[in-house]
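Trainee: I've got a model open on my screen and I'd like to learn how to read it. Can we go through it together?

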Amino acid sequence: MDIIFDMSSALCLLLGSFLCLSGGVGIIRFPDFYTRMHAVGVTDTLGAGMILIGLLLQTPEFLVVLKLLLILVMTVFISPVASHALAKAAFRNDLVPLSDGNENKGETES
Amino acid sequence: MRDLFAVVMMSGIFGLLSASFFVAMDAVDVAFTEASVGAGIATLLMLTAVTLTGRLEDSERHKPMWALVVVFITGGLLIYGTLDMPYFDSSQAPVHLHVAPRYINDSMQEIGIPNIVTSVLASYRGFDTLGEVVVIFTAGMGVLALLRVESRPGIDQTMADSIFYLMHERHLILRVVTKILIPFILLFALYVQFHGDFGPGGGFQAGVIFAAAIILYAMVFGLPTARRVVNQTFVRLLAAVGVLLYGGVGLVSMLNGGNFLDYNVLAGDPVAGQHLGILLIELGVGCTVASVMVIIFFNFSGRRNHS
């Protein structure tokens, strides 16, 4: 039983770290604001969530499990809403998403 | 950096980073304070100030040369000063030999609460903390004296309604989620407030978190609506009551025959007296911090709507 917990926890932690890393790469490499935000949103929600789940599987103590669960619920609530608010604020301030039609100024890579 | 918004964000990131290195050095109480005050509310208040002053820095009218020279000289002196400091991690450092052993060895018998930081902050160094609370109170009063906006009830009412409905469509998701979250934030603030004896936390952090919930409400539901929910006169009263409660505990301990802020005499048993005293003064700190933060935010952003 222990080995199953350990394996799945390690898997979750690895996946979470990978997602966080890819979010970090994404915020530098993606061409415009919205795509970058998409990368960061994934980091915030799924990356942090995966790491929290991985930690959850590691702890035997009930109180710690409860606290981690609360943090997880809060993250699931707050991060997508924060991304939503950011994107909406940008859109309301007339930041046009990058598409084939318009050429955004800045680093557009071929 | 010209863009003040970016500068504020940088300072917020700096606050969060210093919070993480405080955690790495096992100073969780300080980290908690830094995360909630330095990264949280200070960033927020500075952003509110930026909306008042405009986003771009003015061009300089003087040469920064002399300032740079002063900075270099001061920095050089400070670095020279660190040469005499004991090595990091040294157990013979003066800070570990002076009063720290007493706090670590005897605080459990003398104060009887598990979190040593709280017993140092609230009991051994109670007078310092009183000073800090008075500083915060003075800051709030300064903001009130300089930036206070008189609200006119008639116009406020109609404006509140119009802003409320105007923002309803735009911020539907934000509003729903905020409504769900605010009770939990308030509950967490209370937990931090009253759990400060046992774990990291205490009046300062709790006050800031409590204020953050109210400020969040004001941001999402509009300032006039928040003004109706949170009575400004009551908040001002609460700021004073916090300081008075703190000072009052000190006076009561004097009347009971001890020194100022000597909680041993508050109850029959010294340890019970310490518990009571710490609980009361933390409550005073929490009240003052929360209400001063709310006062500062409301008056800053009220001024923006006003002009």
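Trainee: Let me start with one spot: which residues does A:Gly41 touch, not counting residues up to four places away in sequence?

Mentor: Keep in mind as we go that this is a predicted model. A:Gly41 touches A:Ser79, A:Pro80 and A:Ser83, once you skip residues up to four places away in sequence. A:Gly41 itself sits in helix H2 of chain A.

Trainee: Is A:Gly41 buried or exposed?

Mentor: You count neighbours. A:Gly41 has 20 other C-beta atoms within 10 Å, so it is buried. You can also look at distance in space against distance in sequence: A:Gly41 and A:Gly23 are 18 residues apart along the chain, and their C-alpha atoms are 8.0 Å apart.

Trainee: Now helix packing. How do I describe two helices side by side?

Mentor: Two packed helices are described by the angle between their axes and the distance between the axes. In chain A, helix H2 (residues 33-58) and helix H3 (residues 62-92) pack at an angle of about 175°, and their axes are 9 Å apart. An angle over 145 degrees counts as roughly antiparallel, and therefore H2(A) is roughly antiparallel to H3(A). By class, their contact has 17 nonpolar, six polar and one charged residues.

Trainee: What is the phi of A:Asp94, in the segment after H3 of chain A?

Mentor: Phi of A:Asp94 is near 65°, a positive value in a residue other than glycine. A:Asp94 has 6 C-beta neighbours inside 10 Å, so it counts as exposed.

Trainee: Is there a similar case in chain B that I can set beside it?

Mentor: Take B:Leu261, which has a positive phi of about 65° although it is not a glycine. B:Leu261 lies in the loop between helix H12 (232-255) and helix H13 (270-306) of chain B. With 23 C-beta neighbours inside 10 Å, B:Leu261 counts as buried, whereas A:Asp94 counts as exposed.

Trainee: Let's step back to chain B as a whole. How many helices and strands does it have?

Mentor: Chain B comes to 13 helices and zero strands. Its C-alpha trace spans about 60 × 55 × 35 Å along the principal axes. Of its 307 residues, 30% count as buried. To see how the chain comes back on itself, look at contacts with a separation of 6 or more: residues 24 or more positions apart account for 73% of them in chain B.

Trainee: Can you show me one such long step along the chain?

Mentor: Try B:Met141, in helix H7 of chain B. B:Met141 and B:Ala239 are 98 residues apart along the chain, with their C-alpha atoms separated by 9.2 Å. B:Met141 counts as partly exposed, because it has 15 C-beta neighbours inside 10 Å.

Trainee: And what about cores?

Mentor: In soluble globular proteins, nonpolar side chains tend to be buried together. Here the largest nonpolar core has 50 residues, and those with the most contacts inside it are B:Ala211, B:Met293 and B:Val294. Several helices of chain B each supply at least two residues of this core, among them H2 (28-53), H7 (126-147), H9 (172-195) and H10 (203-221). H13(B) gives the most, with 15 residues. Zoom in on B:Ala211: beyond its neighbours within four places in sequence, it is in contact with B:Ile41, B:Ala290, B:Met293 and B:Val294. Apart from the largest core lies another, of six residues, including A:Cys12, A:Ala48, A:Met50 and A:Ile51.

Trainee: Why does helix H5 of chain B lie largely in the open?

Mentor: Of the 11 residues of H5(B) (residues 100-110), the number buried is one, so the helix lies largely in the open. After H5(B) comes B:Gly112, with a positive phi near 80°.

Trainee: How is chain B divided into domains?

Mentor: Chain B has domain 1 (1-85) and domain 2 (110-306). Their centres, taken over C-alpha atoms, are 24 Å apart. In the contact, 14 residues of domain 1 meet 17 residues of domain 2. The domain 1 side divides into eight nonpolar, five polar and one charged.

Trainee: Last one: how many residues does each chain bring to the contact between chain A and chain B?

Mentor: Four residues come from chain A and four residues from chain B. On the chain A side, there are three nonpolar, one polar and no charged residues.

Methods
Residues numbered from 1 in each chain as written. Chains lettered and ligands numbered in written order. Predicted model: local features only at pLDDT ≥ 70, side-chain atom pairs only at ≥ 80, totals over all residues. Domains from an automatic or database assignment. Contact = placed C-beta atoms within 7 Å. Nonpolar A, V, L, I, M, F, W, Y, C, P; charged D, E, K, R; others polar. Axes fitted to C-alpha atoms, helices over the stretch in contact; angles between N-to-C directions. Helix = DSSP H or I, 4+ residues; strand = E, 2+ residues; numbered from the N terminus. Parallel < 35°, antiparallel > 145°, perpendicular 65-115°, else oblique. Buried ≥ 20, exposed ≤ 12 C-beta atoms within 10 Å, placed from the backbone. Core = buried A, V, L, I, M, F, W, Y, C linked by C-beta atoms within 7 Å.
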